[in-house]
Amino acid sequence: MARRNALVLAAAQAIGGASAPIVISMGGLVGYYLLGDDKSLATLPVTAFVLGVASGTIPAAMLMRRIGRRPGFQLGALTTMVAGGLAGYAVIIGSFWLVCLGTAFAGLGNAFVQQYRFAAADTATPAFRPKAISWVLAGGVVTGVLGPQIVILTKDALDPIPFAGAFLTQIVLGLAAILVLAFLRIPKLPPAPKGMGGRPLLEIARQGRFIVAVVCAIGSYGLMSLVMTAAPLAMVACDHTQTEATLGIQWHVIAMFAPSFFTGALIVRFGTLSVIAAGLVLLAASAAIALSGITVWHFWIALVLLGIGWNFGFIGATALLTETYEPAERSRVQAMNDFLVFGFQALASLMSGAILVTGGWEIINVAVFPVAGVCLLLLGWLKVSPDRGPAV
């Protein structure tokens, strides 16, 4: 059952997850297109998407705890369909704020997608759990090709109005995801007996493993969001074409998910902490490449390293988090983790546009080094600390 569910969720990730790169690759450009002279809010559609993810994490987890994984995930895919229709209509009528509302709804739908990796772990044994998480995220390889290619092929479908056609394709993607998710088989958890709902969240959050897992997930996702959100605008500002910027996001998203085919095996072989550390080093290497030049290859190589670094850091942090809770506690812990991670990601995305306008592409990449450094120090502390918290 665990292997079947992981494969179904990987397919759903491949299709339903394509909404994210569509919004990310177009959000800043749509904002730039619709805004007047002041372009400082150009990345707000992307930020609204991330805010939608952050605000939807706890309701999504709690809803699925009540109604089950499959109907919850299908409801999330339906939300994606609504988001695509709303954002596409907003571009047609030229409403920047309605576009932001549409991308926020896309984020709400993606909050359910973010739970796919945890759902794959629900029926997996401890030994298979890292691989199950990796299998699901491996579906993002298709996402990395599908989303940007949809943008390239459909952004001018309603010419002379740009971008609207690509947003509208989210309706088809959501419907396809609903059909795929019909094959998911995850038993609904019975209500916990009174007094047996697990430990208080504060007690769980005091574990060393929990602290490092959450901080490294925030660092990996926040840095990736900070750089990725600004990259398309920075490329266009450096006289690269919109297609080159979209292809940069495509290769970035592929790099985010392609390593998932073997990240789980690397965790089993070398340990969770080592894989997270490798991801943080790659994030720093990405920033170093970005600071060394502004050719299209500098951007593309930096974005590829950014994606691989995110993969190692985020999957490793997710695997580490699963060691900190018992089955009765998982819904609350997973929801709190994702709320924190995507809340900080939203902040990074919001800051990205303002930093790009005021400080430039260089400052965005310089900011990577201190954050990665703090996360590496915490990993070192966890490795040597005699009280690292239980591995349940």
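**Cores, a long helix and a surface patch**

Leaving aside neighbours within four places in sequence, Met-26 is in contact with Val-151, Phe-163, Ala-166 and Phe-167. The model described here is a predicted one, and in it Met-26 is, together with Leu-321 and Trp-361, among the residues with the most contacts inside the largest nonpolar core, a set of 99 residues. The largest share of this core comes from helix 12, which spans residues 208-237 and gives 18 residues. A second core, separate from the one just described, has 20 residues, including Val-8, Ala-60, Met-64 and Tyr-116.

Helix 16 covers residues 296-321 and thus holds 26 residues. From the first C-alpha of helix 16 to the last, the distance is 37 Å, which is close to the 38 Å expected at 1.5 Å a residue. Of the 26 residues in helix 16, 21 are buried, so that the helix is largely enclosed by the rest of the structure. One of the residues in helix 16 is Thr-318, and because its relative accessibility is 3%, which falls under the 20% limit for a buried residue, Thr-318 counts as buried. When neighbours within four places in sequence are set aside, the contacts of Thr-318 are with Arg-117, Phe-118 and Ile-133.

A different setting is found for Thr-125, which lies in the loop between helix 6 (116-122) and helix 7 (129-138). With a relative accessible area of 46%, Thr-125 is partly exposed, since this class takes in values between the 20% limit for buried residues and the 50% limit for exposed ones. Although Thr-125 and Ala-2 are 123 residues apart along the chain, their C-alpha atoms are separated by 8.1 Å.

On the surface, Leu-75, Leu-78, Val-82, Leu-101 and Phe-105 make a nonpolar patch of about 390 Å². The elements that give two or more residues to this patch are helix 4, formed by residues 69-93, and helix 5, formed by residues 96-113. Helix 4 gives the most, with three residues. Leu-101, one of the residues of the patch, has its place in helix 5, and its relative accessibility of 40% means that Leu-101 counts as partly exposed. This value also lies over the 30% relative accessible area that is asked of residues in such a patch.

Note on methods. Residues are numbered from 1 along each chain as its sequence is written. This is a predicted model: local features need pLDDT of at least 70, side-chain atom pairs count only at pLDDT 80 or more; totals for chains, interfaces and linings use all residues. Side-chain values use heavy atoms; hydrogens and water are left out. Patches are made of residues with over 30% relative accessible area and no salt bridge: like charges are joined within 9 Å, nonpolar side chains (Val, Leu, Ile, Met, Phe, Trp, Tyr) within 5 Å. Accessible areas come from the Shrake-Rupley method with a 1.4 Å probe; for residues, only the protein chains shown count as cover. A salt bridge is a side-chain nitrogen of Lys or Arg within 4 Å of a carboxyl oxygen of Asp or Glu. Helices (H or I, at least four residues) and strands (E, at least two) are DSSP runs, numbered from the N terminus. Buried means under 20% relative accessible area, exposed over 50%, partly exposed in between (1.4 Å probe, protein chains only). A nonpolar core is a set of buried Ala, Val, Leu, Ile, Met, Phe, Trp, Tyr and Cys residues joined through side-chain atoms within 4.5 Å. Contact means heavy atoms within 4.5 Å. The expected span of a helix is 1.5 Å times one less than its number of residues.
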